[in-house]
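Trainee: I should like to discuss one residue and its surroundings. Please show the sequence and the structure before we begin.

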Amino acid sequence: MKEFICVQVGNHGDVGKTIAEWQRKGWKLHTYQATGRDIWIKHYLLFEKGN
């Protein structure tokens with residue numbers, strides 16, 4: 001069974017670091033989305049793990 005977890009990242013400079021961190025834990029990036037405007041942008045990373 002697949003597991004999913006969503007991680008919110010506030011600074012776009014931390015997106016790559018966050019992806020690498022979760023991949024080391026065995027998670028695979030499933031979906032990435034950025035929302036907001038101007039300086040209020042949030043990045044959402046959906047990770048999956050399992051079969």
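Trainee: In which element is the place of T18?

Mentor: Residues are numbered from 1 along each chain as its sequence is written. This is a predicted model, in which local features need pLDDT of at least 70, side-chain atom pairs count only at pLDDT 80 or more, and totals for chains, interfaces and linings use all residues, while side-chain values use heavy atoms, without hydrogens and water. Helices (H or I, at least four residues) and strands (E, at least two) are DSSP runs, numbered from the N terminus. T18 belongs to residues 15-24, that is, helix α1.

Trainee: Does T18 count as buried or exposed?

Mentor: Buried means under 20% relative accessible area, exposed over 50%, and partly exposed in between (1.4 Å probe, protein chains only). The relative accessibility of T18 is 12%, so T18 counts as buried.

Trainee: Leaving aside its neighbours within four places in sequence, with which residues is T18 in contact?

Mentor: Contact means heavy atoms within 4.5 Å. With neighbours within four places in sequence left aside, the partners of T18 are V7, V9, L45 and F47.

Trainee: Which element gives the most to the largest nonpolar core?

Mentor: A nonpolar core is a set of buried Ala, Val, Leu, Ile, Met, Phe, Trp, Tyr and Cys residues joined through side-chain atoms within 4.5 Å. The largest has eight residues: V7, V9, V15, I19, W22, W27, L45 and F47. At least two residues each come from β1 (3-9), α1 and β3 (42-49). With three residues, the element that gives the most is α1.
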